[in-house]
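Here is a short guided tour of one protein model. Please take a look at the sequence and the 3D view, and then read on.

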Amino acid sequence: MVHQLIEASEGTLQIHLHDVLANDEHTVALQVTTAQRARRSLRDNVVYVYHLRDGRIVEAWFTGDPRVQDEFWA
């Protein structure tokens, strides 16, 4: 999926990891996503939440600003 986003952003997609918080059951990654495409710019603060069991990801949640994402990728 990330490869497709890199292609769609004409190679400008950048993911800047801001912080990671974790314990035995959850990992939370805070990131800033930026990209350029034609005359559009993307800057979105994104949160990924991973639920872990036995050292594996069993569920993942993604939260960004859907308006910002839709406007850029549309």
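Helices (H or I, at least four residues) and strands (E, at least two) are DSSP runs, numbered from the N terminus. Two strands pair if DSSP finds at least two bridges between them. This is a predicted model, in which local features need pLDDT of at least 70 and side-chain atom pairs count only at pLDDT 80 or more, while totals for chains, interfaces and linings use all residues. Residues are numbered from 1 along each chain as its sequence is written, and side-chain values use heavy atoms, with hydrogens and water left out.

**The overall picture**

- The protein chain has two helices and four strands, and from the N terminus on they follow the order α-β-β-β-β-α.
- Taken along the principal axes, the C-alpha atoms fill a box of roughly 45 × 20 × 20 Å.
- The protein chain has 74 residues, and 23% of them count as buried; buried means under 20% relative accessible area, exposed over 50%, and partly exposed in between (1.4 Å probe, protein chains only).
- About 5,700 Å² of the protein chain is exposed, with carbon and sulfur atoms supplying 51% of it; such areas come from the Shrake-Rupley method with a 1.4 Å probe, and for residues only the protein chains shown count as cover.
- Contact means heavy atoms within 4.5 Å. Of the contacts in the protein chain with a separation of 6 or more, 31% are between residues 24 or more positions apart.

**How confident is the prediction?**

- The predictor's confidence in each residue is called pLDDT, and it goes from 0 to 100.
- For the protein chain the mean pLDDT is 93, and 100% of the residues reach 70 or more.
- Among the elements, strand E1 (residues 14-22) has the highest mean pLDDT, 96, and helix H1 (residues 2-8) has the lowest, 87.

**A hairpin and two unusual turns of the backbone**

- Strand E3 (residues 40-53) and strand E4 (residues 56-63) pair in the antiparallel sense, over seven bridges.
- One place to find this pairing is His51, whose bridge partner in E4 is Glu59.
- E3 and E4 form a hairpin, with two residues between them.
- Asp54 sits in the loop between E3 and E4, and its phi is near 55 degrees, a positive value in a residue other than glycine.
- Asp54 counts as exposed because its relative accessible area is 74%.
- Ala38 is in the loop between E2 and E3, and it also has a positive phi of about 55 degrees although it is not a glycine.
- With 71% relative accessibility, Ala38 is exposed too.

**Two strand residues to visit**

- In a regular strand, side chains alternate between the two faces of the sheet.
- Thr33 belongs to strand E2 (residues 26-37), and it is buried because its relative accessible area is 8%.
- The side chains of Thr33 and Gln31 are joined by a polar contact of 2.8 Å. A polar contact is a pair of N or O atoms within 3.5 Å; within protein, one must be able to donate a hydrogen and the other to accept it, and residues adjacent in sequence count only if both atoms are side-chain atoms.
- Leaving aside neighbours within four places in sequence, Thr33 is in contact with Leu13, Gln14, Leu42, Arg43, Asp44 and Val46.
- His18 lies in strand E1 and counts as exposed, at 61% relative accessibility.
- Leaving aside neighbours within four places in sequence, His18 is in contact with Leu30 and Gln31.
- His18 and Asn45 are 27 residues apart along the chain, and their C-alpha atoms are separated by 9.4 Å.

**Aromatic rings**

- Rings of Phe, Tyr and Trp (its six-membered ring) pair if their centres lie within 6.5 Å; planes under 30 degrees apart count as stacked, over 60 as edge-to-face and the rest as tilted.
- A search of the whole structure finds three aromatic pairs.
- Tyr48 and Tyr50 are a stacked pair, because their ring centres are 6.2 Å apart and their planes are at 10 degrees.
- Phe72 and Trp73 are an edge-to-face pair, because their ring centres are 4.7 Å apart and their planes are at 85 degrees.
- Phe72 is buried, at 1% relative accessibility, whereas Trp73 is partly exposed, at 22%.
- Tyr48 is partly exposed at 24% relative accessibility, and Tyr50 is partly exposed at 23%.
- One aromatic cluster is formed by Tyr48, Tyr50 and Phe62.
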